[in-house]
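Please open the structure in your viewer and keep the selection tool at hand. The tour proceeds by short selections, each followed by a description of what is found there.

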Amino acid sequence: MTKKRGPVWKHWTVITQNQVENNRNNSHPPVQCNYCTKIFDRAVPSRMQIHLDKECPGAPDNAKSKQNVGSQNSIPETTQFHPNIALNSILTDTPNRPVKRIKTQKIESFVDRMSEEEQEDLEFQLAQALYSAGVPFSFVDNPLVIQFFQHLRPAFKLPNRKKLADDLLDDVYDEVKAQADEQISKAKSLCMVSDGWSNINRDSVQNFIVCTPKPIFFDATFSGEESHTGEWIANQIIQQMEIIGTHKFSSVITDTASVMKAAWKRIEEKYSHIVCLGCNSHIINLLIGDILKIDEIKDMVNNGKIIVNYFKSHIQAAAKLKRIQIENYNKEIALVLPTLTRWGTHLSCFQSLLKSKIALEQVLMDPEIRQKINREVRNNVLSEEFWEMADLITKILEPMVVILKLFESDTSTLSTVYSHFNKLINKISELSCEFSEYIQQLIHKRWEYSYHPVMMAAYMLDPRFLEESEDADIEAIGYAEFTEFTNRRFGQEESVKLFAELVVFRQKNSPYDNETIWLSSSVLSPSIWWQSWPKSELQQLAIKILSIPTSSAAAERNFSTFGFIHNKIRNRLQNDRVKKLVFIYGNLWMHKRGLKLKKNKFIHDQRKIDNNDNGNDIGNNSNDHVDNDNDSDDDRFIGLELNITDIVADE
């Protein structure tokens, strides 16, 4: 039986549908406002009413909310009773007439009523809350949940599981999709980020994130029997970009696996204005992995593991250590066990040991512990050479992990890459150790592996690095790399014009002589800052390349969301439904809650690396990265409680 439509429908015209369409959509047909050109592909009364109340310029008063409350479902004003008010008496308004007392109304006589529009609006809000929290559809079938809502609002009918998984999911998805599309359409330049992964059912997934520069989960492809060749990946990325418009894209970022590099070649051949780059956070991960293979550092990591494992496996010794920590530091300090490919945990391991040095030494003074403790543990704890080496490794790894987290953030831009690598080499050169020069060689090797001239071009155009790049050697390299990039992309004639304007810009000559705008570079993102200047070819180039992120970390975080939604308990979810849930979960939280916090944390850590503050714990929270990356190892945690400072909140 078809549900009776509420009064809001009389202000909308149903657009004739194709009879071949699925009957499920008949209750939500396409509609157009009678007073403007607004069209909803799926008619949802709550959204239709909001449009009439707040958005439609031509809507008459009788179309507003007060007029559209269904009269058949509402209580007449003269007979409504409020649950918190007991009416002991009602005074008539006739003068000189004795007061007529009416029988007291009790709370039991209150009847809760709800209009169709309010019911649908509450259903929509409930669905949005459940999807954004990753709550299973079976939540609404729980008897205690049903009982709770009956007590909370008796008139509200809790939607069933099927409606939550179908109609409501489509409605919320359409709403979030409209917001995401609006963000994408407003962006002046876009970057496509993509990565591969296998889900809980071992289905191969390729995801696509559009950076505006804020990352937006755009789509995912389940490849089935298709092999992830360079040609297939290139075609998938191009297909996604064509949906939006390839002219809006300036770059593509993936990992540096061989199939991805093959895909880069095909994309750049077809679209010469698009630059394909590797993930810089992955490059830093590989660099840390290289450093941990140095014999002296490798031996120290093994010794650190032995100490941590001893206290994790011996309850009595661990209890004494905690007691002594509280006596000395007024808090417990968890010892962190290094985990394979979670490179931040190696830094956290040595930081936790250094913080607990006095407590560890005092534990060994206990006669009972001294008799039972492993000799290797005792020798390391009592060795001054061990602690000096632990301090040295901390100084080596800390700036690298800080840079890693900055590259993984959503606010880091390509222009920062050269500056961070340059500062990293300078920090390592200041250390006094026999393998300092070898580490510098490793840094140069990874820099050359990941380098693209657009990185230096972005660095030269970023106002934050103007003073830093005025060094004669750096500026000469920067000008050379800028002209190489522009020659390759635009030809020599256009390159000459861009170079001439670059020189004017860097010398702050007219029109780049507004001191107020220059001072604002410390509070504005580079791409926004460039929009303050008169329109020019250099300005358009700067906006595009200064909007390019530093890594594909957004794609890896998206796979963490896939794993959270499509887990072992919900492994029967259909792939199409999973995509919609991930789209809602990721995009809704990303753009309504997390940005301000992430921005503040990014600024904090940018200052941290500049000031060379080596006293805080820095950890690594990289997400799983599989399928397309030939260099990656098994990334699983082993159930450890890590005492790692999270620089950037991922979700």
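Select Ile-253 together with Leu-277: Ile-253 stands opposite Leu-277, which belongs to strand β8. The model on display is a predicted one. Now extend the selection to the whole of β7 and β8, which run parallel and are joined by four bridges. In general, the strands of a sheet pair through backbone hydrogen bonds, and the pairing is either parallel or antiparallel.

**The five-stranded sheet**

Add the other strands of this sheet to the selection. In what order do the strands of the open sheet of five stand? The order is β6-β5-β4-β7-β8, and the pairing is mixed. Strands β6 and β8 (275-278) each have a single partner strand and stand at the edges, so one side of each is left without a neighbour in the sheet. From one strand to the next, the twist averages 25 degrees.

Move next to β5 (residues 204-211), which pairs with β6 in the antiparallel sense over seven bridges. These two strands form a hairpin, with three residues between them. Select Phe-208 to see one such pairing: its bridge partner in β6 is Asp-219. Strand β6 (residues 215-222) is mostly covered, as six of its eight residues are buried.

Now display helix α6 (residues 167-186). This helix lies across β4 (190-198), β5 and β6, and it runs at about 115 degrees to β6.

**Two serines**

Return to strand β7 (residues 249-254) and select Ser-251, which lies in it. Is Ser-251 buried or exposed? Its relative accessibility is 0%, and therefore Ser-251 counts as buried. Leaving aside neighbours within four places in sequence, Ser-251 is in contact with Leu-190, Cys-191, Met-192, Ile-274, Val-275 and Ile-548.

The second serine to select is Ser-551, found in the loop between α24 and α25 (553-565). Ser-551 counts as buried because its relative accessibility is 6%, and buried means under 20%. Beyond its neighbours within four places in sequence, Ser-551 has contacts that include Ile-253, the residue with which this tour began, as well as Val-193 and Phe-407. Add His-282 to the selection: Ser-551 and His-282 are 269 residues apart in sequence, yet 7.7 Å apart in space, C-alpha to C-alpha.

**A pair of helices**

Select helix α20 (residues 472-490) and helix α24 (residues 537-545). Their axes are 14 Å apart, and the helices pack at an angle of about 100 degrees. The two are therefore roughly perpendicular to each other. On α20, the contact is made by Phe-482, Phe-485, Thr-486 and Phe-490; on α24, it is made by Leu-538, Leu-541 and Ile-545. Of the residues in this contact, six are nonpolar, one is polar and none is charged.

**The three-stranded sheet**

Select Trp-12, whose bridge partner in β2 is Cys-33. Strands β1 and β2 (residues 31-33) run antiparallel and are joined by three bridges. They belong to an open sheet of three strands in the order β1-β2-β3, with antiparallel pairing. Here β1 (12-14) and β3 (39-40) stand at the edges with a single partner strand each, so one side of each is left without a neighbour in the sheet.

**The whole chain**

Finally, select the entire chain. How many helices and strands does the chain have? Its secondary structure comes to 27 helices and eight strands. Of the 651 residues in the chain, 50% are buried. The chain exposes about 32900 Å², of which carbon and sulfur atoms supply 50%.

Technical notes
Residues are numbered from 1 along each chain as its sequence is written. This is a predicted model: local features need pLDDT of at least 70, side-chain atom pairs count only at pLDDT 80 or more; totals for chains, interfaces and linings use all residues. Side-chain values use heavy atoms; hydrogens and water are left out. Buried means under 20% relative accessible area, exposed over 50%, partly exposed in between (1.4 Å probe, protein chains only). Contact means heavy atoms within 4.5 Å. Two strands pair if DSSP finds at least two bridges between them. Accessible areas come from the Shrake-Rupley method with a 1.4 Å probe; for residues, only the protein chains shown count as cover. Axes are lines fitted to C-alpha atoms, for helices over the stretch in contact, and angles run from 0 to 180 degrees between N-to-C directions. Angles under 35 degrees count as roughly parallel, over 145 as roughly antiparallel, 65 to 115 as roughly perpendicular and the rest as oblique. Ala, Val, Leu, Ile, Met, Phe, Trp, Tyr, Cys and Pro count as nonpolar, Asp, Glu, Lys and Arg as charged, and the others, Gly among them, as polar.
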